[in-house]
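Thanks for making the time this morning. I would like to walk you through one model, and I will keep to what can be computed from its coordinates.

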Amino acid sequence: MSAGRHRMRSKLHLAAAAATATVLVVTTGVWFGYRELIQSNCSGEIRLAVSVASELAPAVDAAASQWVKDGAAVGPTCIRVDVSASDPVDVAAVVAAKHGAVLAGVGQASGTAVSPDVWVPDSSTWLLRLKKDATAFAPTNGASIARSPIVVAMPEPIATRLGWPDKKFNWTDLLKQVNNTSAPLRTGIVEPTRDAAGLSGLLSLTAAANGAGGDAQRNTVGALRALATGRSSLRNDLLARFPTANDATSIASGLGAAALSEEDVIAYNSKKPPVPLAALYMEPAPMPLDYPYAVLPGIEPSKASAARVLFELLTSPSFRDRLAAQSLRAPDGNWGDGFKAPQGAPSPAGGAPTAPANGGTAAGGLDPAAIQRVVSSWSIATQSGRMLAVIDVSGSMKDPVPSANNRSREEVTVDAARRGLGLFDDSWSIGLWTFSTKLVGNRDYRELVGIGPLSGQRAQLEGALGSVKPSDGDTGLNDTMLAAYQAVQENWQPGRVNSIVLFTDGKNDDDNGINQQQLLAKLKQLADPERPVQVIMIGIGEGVSKTELESITKVTGGDVFVTKDPSEIGSIFLSAIARRPPAPR
C-alpha cells in the first residue's frame, strides 16, 4: 500500500448521459446547462473514469448519482461515470510515468494504479509539479471545485498556552517555536513530497525562514531537519501521534503541531478524542487544498465533452451542501448548510482566503520553480547518501556568466556546490574531485577530498571548494568518468544511493585518453546490478554534447541535465540530487 491519505478507498460505477462536442456548443460559445439538454432516449455508451481525492469522492459520487436518478440524458450518447477514491500521489506517479518523468519523493507508479480521464487531486501543486517535470503534460480546465484551508493543527491545551483562540498566529512565531533549542515544539509533517497539505505548510515555513533575517539557509535547514524528525509517510500515522490522554505527560510527549487541512481537523475532532485539536489559521494564509478539476490530455473528444458537463454538475449551487457534508468549503471559501467550522475559522463573508477567479486555481500564482526548490531541498535535507562530486576546471570554465553579474562559470558552479553542501546532514558521505587535462602529471583528475562522512570532513570540503580554480587545460571527461566510477564502486555501501555528480561545460577533447567507445565498453564491463552507481551529469553552456553525456548514463543509470544558462546550475543541482532513485534494499 502506497503512502498518502489512505482513508476509505472505494470504486463507484455510475451511469450518466452526456452529449458529444457537436451538440454542446452553441454559436456564441456558451455551454448549455445539462438539464436543458435532457432527452428521453440515448444510444451507445462512453465510460468516463474519474479519480478523486478520497475525502471529496463521496460528494462527487452523490452528485453524479443524483444526476442518474433524475434521468439525465444529454444527447444520444450514454456516459458511464466510474468514480474512484484515489490517493493523489498514486495518480501523480502514474501520470508522471506516462510522460517519462519521475517526481521527487514520489517514485515509481504501482502496478495497479491507472491514469483516469478526469483527475481531481487535493491540490493544484500536483499539476504544477507534473508540468514542471513532464513538459508534455497539458491538462485542461483545472478550475477548483472545492476548498479546504491549511491550518496548523495543535492539541488544545498547547494552543491555549500559546494564546489561542484570541491570538493571531504567523509563521515566524511558529518557526521560533520549532527552532527553540531549549524547549522546541514537537512538530510533525506528512511527507511533503507525497502530501499536498504537508507541502503547503512546508512552503509557508521555509518562506518564513528565508525572511527571518540572519543566515536564511541555516534557518531553513534547521526548520527542515526539525520537521524531518517528526515526519510520517501516512497521514493516519501522523494523526495517531497526537496526545491520546489529557494529562501533562501525554501532552508533553505527544505531537505538538502539524500542518493539516481544515477537513482533517474536523474529521479528527468528530471522533471525540480525549484531546481535541485546535485549528490555527496562520498569517499569511498558506495555499489551501483547492481540488482542481483536471481533464487529462489525450482523451477522446466525446469523453472531453462529457467531462465538461460533469464539471457543470460539480460547480452548481447544490453541490456546496454536498461539500459541507464532507467538511469541505466551496471554491470561494464559503460553506454550505451543515458545515461545522472549527473555533476561530474565518467566516465565509470576511476572513476566508481570497478565491481565484472563475476557471482559475488557488495555486495559479505560485511559481512551479519555487515548489521544485522546496521539494528538492526537503529531499536532500532528509535523505542520506554517498556521493562523489566531480567539477570541471578546464579553461572554458573561466568564461563569464552575464546572468550572474559576469561571475565565471567556475564561480557559479562552486557556489551551487557550496549551497548544496549546506543541505546535506552529517549522515552523508561526500568526496570532491576536479578534472581537466594533465592535472596531476598525465592524469586528468585530482582528488581534493576522498569520499568520507561529512561528520568528520565538512570543514575540509568547504575549504577544498574554496580552492577550486579553472586551469588552462582541456576537458578530460572520459578518463575522469571511468576513474570516478571505479572509485565509487570500489567502496560501494549497501542501503545508500552511491552516486557521482559531474559538472562540465564541454565535450571530451583529450586526444591522449580513451575515446567514447572505449569508455562505454569499460563501463558496461564494470556495471553491476547488485552494486549500482548512479551517474548524474550536469552540463553547463553551449559547448556540451547532451548525446555524449546520455550515452554514459544509459549504461550506468542516472540522468543528464543541461542548461544553457549557467546561473541556473544551483536549482538544477538540487533537483538532480532530489530525483535520484531510492537506495536498493
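I will begin with the aromatic pairs and then turn to the sheet and the helices that pack on it.

Please keep in mind throughout that what you see is a predicted model. A pair of aromatic rings is described by the distance of the centres and the angle of the planes. With rings paired when their centres lie within 6.5 Å, the count comes to 6 aromatic pairs. One of them is formed by Trp335 and Phe339, whose ring centres are 4.8 Å apart and whose planes meet at 15°, so this pair is stacked, given that stacking requires planes under 30 degrees apart. As for its two members, Trp335 has a relative accessibility of 23% and counts as partly exposed, whereas Phe339, with a relative accessible area of 10%, is buried.

A further stacked pair joins Trp433 and Tyr445, with 4.7 Å from centre to centre and 10° between the planes. This pair links distant parts of the chain, since Trp433 belongs to strand 15, residues 429-440, and Tyr445 to strand 16, residues 443-453, the two being 12 residues apart. Are these residues buried or exposed? Trp433, at 5% relative accessibility, counts as buried, and Tyr445, at 18%, counts as buried too, because the limit is set at under 20%. Tyr445 has a charged companion as well: the charged end of Arg443 sits over the ring of Tyr445, 4.7 Å from the ring centre.

That brings me to the sheet itself. Strands 15 and 16 belong to an open sheet of 6 strands, which run in the order 16-15-12-17-18-19 with mixed pairing. Strand 16 and strand 19, the latter spanning 558-563, stand at the edges with a single partner strand each, so one side of each is left without a neighbour in the sheet. On average, and with direction ignored, neighbouring strands here are turned by 15° against each other.

Within this sheet, strand 12, residues 385-392, pairs with strand 15 in the parallel sense over 7 bridges, and Val390 stands opposite Trp433 in strand 15, which takes us back to the buried tryptophan of the stacked pair.

Finally, the helices. Helix 15, residues 409-423, lies across strand 12, strand 15, strand 17 and strand 18, and runs at about 170° to strand 12. Helix 19, residues 546-556, also packs on the sheet, where it touches strand 17, strand 18 and strand 19, and its direction makes about 165° with that of strand 19.

Terms used. Residues numbered from 1 in each chain as written. Predicted model: local features only at pLDDT ≥ 70, side-chain atom pairs only at ≥ 80, totals over all residues. Heavy atoms only, no water. Phe/Tyr/Trp six-rings, centres within 6.5 Å; stacked < 30°, edge-to-face > 60°. Buried < 20%, exposed > 50% of the residue type's maximum accessible area, 1.4 Å probe, protein only. Helix = DSSP H or I, 4+ residues; strand = E, 2+ residues; numbered from the N terminus. Lys NZ or Arg CZ within 6 Å of the ring centre and 35° of its normal. Pairing = 2+ DSSP bridges. Axes fitted to C-alpha atoms, helices over the stretch in contact; angles between N-to-C directions. Contact = heavy atoms within 4.5 Å.
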